[in-house]
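Here are some short exercises to work through with the model open in your viewer. Try each task before you read its solution.

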Amino acid sequence: MKTIGLLGGMSWESSLEYYRFMNEAVKARLGGLHSARILMNSVDFAPLREQMLAGDWAAVGGHLADAARTLEDAGAELMVIGTNTMHKVAPEVEAAVSVPLVHIADATAEAARAGGFSRVALLGTALTMEDDFYVGRLKEHGFEVLVPDAGDRSLVDRVIFDEMCRGLFLDGSRAEFVRIIEGLAARGAEAVVLGCTEIGLLVRPGDTEVPTLDTCRIHAEKVVEAALG
């Protein structure tokens, strides 16, 4: 089993889920007392968020590249960025290390294809929904991608940073997310990508009949597949 290097802390609420999902996947594959070999570099998210708001993505990329090098130096054989939005700087992280990076959008595309979907909707931070680093990558895999309208994109982004990344998972916000998800399905989405690794903690199985793709779980399970190779 290869050692997984997890860039975490963005937010730590979803990093907990990554740890759980990866260990559950190893247990399902190997049984017994097996658990995942994981090294995590849990970064302080607050200064990174300030750099994001300032548009200083060079600083964000440099910070995560340094964190990834630390993981490789410690023995990581696979690299994982435990967040959707920070895949904007995935090329910088990938260039900083010699070990493979398991990209969250590639893992999600593979899961969507396995589900028989060709037109998906995307929920996530405003950047994830609006920037080409994620939507474009899904399109490269052959998917048509829908996103909410501007007002709902703003709502989703606010809930992510003001609530979920602070450990708040509120019933009112859950109802709003379900409304948005069902509206996207009415526009023709066959499934909705939960493209923020905290959304699966808010929108739970049974909250909507629309198929959802939890990127945190999908990513974690793909990483374990690569680690067990």
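**Exercise 1. The sheet that holds strands 6 and 7**

Task: This is a predicted model. Find how many bridges join strand 6 to strand 7, and work out where these strands sit in their sheet.

Solution:
- Step 1. Begin with the pair itself: strand 6 and strand 7 run parallel and are joined by three bridges.
- Step 2. Pick out one bridge. Leu194 has Asp214 as its bridge partner in strand 7.
- Step 3. Widen the view to the whole sheet, which is open, has four strands in the order 5-4-6-7 and pairs them in parallel.
- Step 4. Look at the ends of that order. Strand 5 (144-146) and strand 7 are the edge strands; each has a single partner strand, so one side of each has no neighbour in the sheet.
- Step 5. Add the twist, which averages 30° from one strand to the next.
- Step 6. Now place a helix on the sheet. Helix 7 lies across strand 4, strand 5 and strand 6, and runs at about 150° to strand 5.

**Exercise 2. The other open sheet**

Task: Give the order of the strands in the three-stranded sheet, and say which strands stand at its edges.

Solution:
- Step 1. The three strands of this open sheet follow the order 2-1-3, with parallel pairing.
- Step 2. Strand 2 (38-42) and strand 3 (78-81) are at the edges with a single partner strand each, so one side of each lacks a neighbour in the sheet.
- Step 3. On average, neighbouring strands here are turned by 20° against each other, direction ignored.
- Step 4. Zoom in on one pair: strand 1 (residues 4-8) and strand 3 run parallel and are joined by four bridges. Within strand 3, Met79 is the bridge partner of Gly5.
- Step 5. Helix 11 lies across strand 1 and strand 3, at about 175° to strand 3.

**Exercise 3. A helix and its cover**

Task: List the buried residues of helix 5 and name elements that cover them.

Solution:
- Step 1. In helix 5 (residues 104-114), the buried residues are Ile104, Ala105, Ala107, Thr108, Ala109 and Ala112.
- Step 2. An α-helix has 3.6 residues a turn, so residues three or four places apart point the same way.
- Step 3. Their cover includes helix 1, strand 4 (119-123), helix 7 (132-140), strand 6 (191-194), strand 7 and helix 11.
- Step 4. Just after helix 5, look at Gly116, which takes a positive phi of about 85°.

**Exercise 4. Pocket and cavity**

Task: Describe the largest pocket and the largest cavity by volume and lining.

Solution:
- Step 1. The largest pocket has a volume of about 220 Å³. Its lining has 17 residues, and Gly200, Val203, Arg204, Pro205 and Asp214 lie nearest the centre.
- Step 2. Helix 1 gives the most to this lining, with three residues.
- Step 3. Sort the pocket lining: seven residues are nonpolar, four polar and six charged.
- Step 4. The largest cavity holds about 100 Å³ of space. Of its 15 lining residues, Met10, Phe45, Thr83, Thr85 and Thr125 lie nearest its centre.
- Step 5. Helix 2 (45-53) and helix 8 (150-162) are the elements that give two or more residues to the cavity lining.
- Step 6. Sort this lining too: eight residues are nonpolar, six polar and one charged.

**Exercise 5. One loop residue**

Task: Is Arg37 buried, partly exposed or exposed?

Solution:
- Step 1. Locate Arg37 in the loop between helix 1 and strand 2.
- Step 2. Its relative accessibility is 46%, so Arg37 counts as partly exposed, since exposed means over 50%.
- Step 3. Beyond its neighbours within four places in sequence, Arg37 contacts Met1, Lys2, Thr3 and Ile4.

Methods. Residues numbered from 1 in each chain as written. Predicted model: local features only at pLDDT ≥ 70, side-chain atom pairs only at ≥ 80, totals over all residues. Heavy atoms only, no water. 1 Å grid on protein atoms, 1.4 Å probe; cavity = no way out; pocket = protein on both sides within 12 Å on 5 of 7 lines; lining within 4 Å. Points joined across faces, edges and corners; volume = space filled by probe spheres on them. Nonpolar A, V, L, I, M, F, W, Y, C, P; charged D, E, K, R; others polar. Buried < 20%, exposed > 50% of the residue type's maximum accessible area, 1.4 Å probe, protein only. Contact = heavy atoms within 4.5 Å. Pairing = 2+ DSSP bridges. Axes fitted to C-alpha atoms, helices over the stretch in contact; angles between N-to-C directions.
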